[in-house]
Amino acid sequence: YMGELPLETGDAPPLAPVSSELLSIALVDRRKRRAESAAELLRFLGCSVSVFFDVPYDSSRSHAVSVLCCNEDSEHECRAFLNWAQDRTPTRAVLIGGPDTVAPLFAERLPAPLTLDAACALIGVRPMAPSPSAPPPPDAMAPLPPICILIADDLELNRQLLDRQLRSLGAARIVPAPNGLVAVEAVAGGGVDIVLMDAHMPVMDGYEATRTIRRNHPNLPVIMLTADVTSESREQSFAAGASHLLHKPATKAVLRKEINKLLHCNRESSHAPRFVEMDQLREGFFGDDVAALCETLSQVSTQQLL
């Protein structure tokens with residue numbers, strides 16, 4: 001689900017263009033995490049999103065669409081939002097969730113939480129068949145092999161978005177994990193080829209989960225995927241043992257490139273020659289039995305000796 005918008009779309013198929021007047025969205029939600037999740041999805045689709053945590057709010061900027069996310073018992077909040085929106089014509093007032101009593105007063109109502117399909121409908125993105133004569137992108141890369149990818153993220157919307165991206169790239173199996181502890185248990189069960197790990201999660205955060213996974217599975221690639229762009233987050237990620245760090249939202253092209261790169265490096269390291277440390281071999285296994293040592297060395301390539 002991508003649009004012809006002013007952002008990098010990687011190698012996604014062309015989609016019907018979105019009118020520029022629909023790209024400016026005011027998003028109001030008292031719950032910070034829910035607001036950030038919805039805003040992240042809308043920005044991924046190319047929208048310019050301003051987030052506010054209360055209504056009425058002060059905003060000198062006009063928006064083509066005003067969206068209110070609220071609970072079923074928030075009728076007073078809905079009416080305050082509508083009064084604000086009416087003074088800012090031609091903004092389109094959209095309700096996500098909210099009580100049934102005020103739903104008819106809005107131009108549109110969407111179910112909560114905001115899903116990928118609903119977000120596309122909100123901004124008017126329509127898939128469009130690619131031109132048969134269009135040449136493949138010059139930087140086209142091979143699709144992902146049929147691997148199993150674990151997605152650890154406490155927000156269901158993020159897991160849903162990554163699931164669709166990775167399946168479209170060729171991943172055979174996706175394992176969702178709402179927190180780090182579930183991720184660790186899933187990896188321990190076997191069958192996981194690579195992990196996409198969010199940094200901030202309840203129960204067990206991504207840093208602790210990565211440390212635990214690294215202790216028991218030192219060769220398993222773990223990509224830290226987070227919206228935290230601070231240098232502290234980067235340092236914590238690699239200190240915990242992350243193989244790579246990506247910032248949200250990651251495009252399909254970036255995901256495919258980095259996952260394929262890590263899988264290639266992992267295959268190479270698994271076929272690397274094993275080296276024999278001579279002193280440890282003699283002292284730990286043979287002692288003064290020179291004949292046994294010589295017999296063993298005759299079966300080992302000289303390129304494997306240090």
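This report walks through the cavity, the nonpolar core, the charged contacts and some backbone details of a predicted model.

## The cavity

Let's begin with the empty space inside. Searching the whole structure turns up one cavity of 30 Å³ or more, and the largest cavity holds about 80 Å³ of space. Its lining is made up of Glu40, Phe44, Asp153, Asn158, Leu161, Leu162, Gln165, Leu225, Lys248, Pro249 and Ala250. Two elements, α1 (32-44) and α4 (156-169), each give two or more residues to that lining. The biggest contribution is from α4, which supplies four residues.

The lining of this cavity is mixed in character: six of its residues are nonpolar, two are polar and three are charged. Two names from the lining, Asp153 and Lys248, will return below in a salt-bridge network, and Pro249, also in the lining, will return with the cis peptide bonds.

## The nonpolar core

The largest nonpolar core has 25 residues, and Leu42, Val67, Leu114 and Leu122 are the ones that touch the most other members. The elements giving two or more residues to this core are β1 (24-28), α1, β3 (65-70), β4, α3 (116-123) and α4. Helix α3 has the largest share, with six residues.

If you are tracing the helices on screen, α1 and α4 are worth a second look: both are listed among the contributors to this core, and both also give residues to the lining of the largest cavity.

## One aromatic pair

The count of aromatic pairs comes to one. Phe81 and Phe106 are its partners, and their rings are stacked, with 6.0 Å from centre to centre and an angle of 15° between the planes. Phe81 belongs to helix α2, whereas Phe106 sits in the loop between β4 (92-97) and β5 (108-110), so the pair ties together parts of the chain that are 25 residues apart in sequence. Are these two rings buried or exposed? Both Phe81 and Phe106 are buried.

## Salt bridges along helices

The structure has ten salt bridges. One of them joins Glu75 to Arg79, with 3.2 Å between the closest N and O atoms. These partners are both in helix α2 (residues 75-86), four residues apart, or about one turn of the helix. Glu75 is partly exposed because its relative accessibility is 32%, and Arg79 is partly exposed too, at 39%.

Helix α6 (residues 206-216) holds another such bridge, between residues three apart, again about one turn of the helix. Here Glu208 pairs with Arg211, and their closest N and O atoms are 3.0 Å apart. Glu208 has a relative accessible area of 31%, so it counts as partly exposed; Arg211, with 34%, is partly exposed as well.

In helix α8 (residues 252-270), Glu258 and Lys261 are three residues apart, about one turn of the helix. The closest N and O atoms of this salt bridge are 3.5 Å apart. Which of these two partners is buried, and which is partly exposed? Glu258 has a relative accessibility of 9%, so it counts as buried, while Lys261 is partly exposed at 40%.

## A charged network by the cavity

Asp153, Asp198 and Lys248 are linked to one another in a network of salt bridges. Asp153 and Lys248 are also part of the lining of the largest cavity, so this is a handy place to bring the two features into one view.

## Backbone details

Two cis peptide bonds are good to have in mind when you follow the chain. One joins Ala112 and Pro113, with omega of about -5°; Pro113 is in the loop between β5 and α3. Another joins Lys248 and Pro249, with omega of about -10°. Pro249 lies in the loop between β10 (244-247) and α8. Both residues of this second bond, Lys248 and Pro249, appear in the lining of the largest cavity.

Finally, have a look at Val203. Although Val203 is not a glycine, it has a positive phi of about 65°. This residue is found in the loop between β8 (194-197) and α6, and it is exposed because its relative accessible area is 67%, over the 50% cut-off.

Methods
Residues are numbered from 1 along each chain as its sequence is written. This is a predicted model: local features need pLDDT of at least 70, side-chain atom pairs count only at pLDDT 80 or more; totals for chains, interfaces and linings use all residues. Side-chain values use heavy atoms; hydrogens and water are left out. On a 1 Å grid over the protein atoms alone, a cavity is a set of points where a 1.4 Å probe fits but cannot get out, and a pocket is an open set with protein on both sides within 12 Å along at least five of seven lines; lining residues have an atom within 4 Å of a point. Grid points are joined across faces, edges and corners, and a volume is the space filled by probe spheres set on the points. Ala, Val, Leu, Ile, Met, Phe, Trp, Tyr, Cys and Pro count as nonpolar, Asp, Glu, Lys and Arg as charged, and the others, Gly among them, as polar. A salt bridge is a side-chain nitrogen of Lys or Arg within 4 Å of a carboxyl oxygen of Asp or Glu. Buried means under 20% relative accessible area, exposed over 50%, partly exposed in between (1.4 Å probe, protein chains only). Rings of Phe, Tyr and Trp (its six-membered ring) pair if their centres lie within 6.5 Å; planes under 30 degrees apart count as stacked, over 60 as edge-to-face and the rest as tilted. A nonpolar core is a set of buried Ala, Val, Leu, Ile, Met, Phe, Trp, Tyr and Cys residues joined through side-chain atoms within 4.5 Å.
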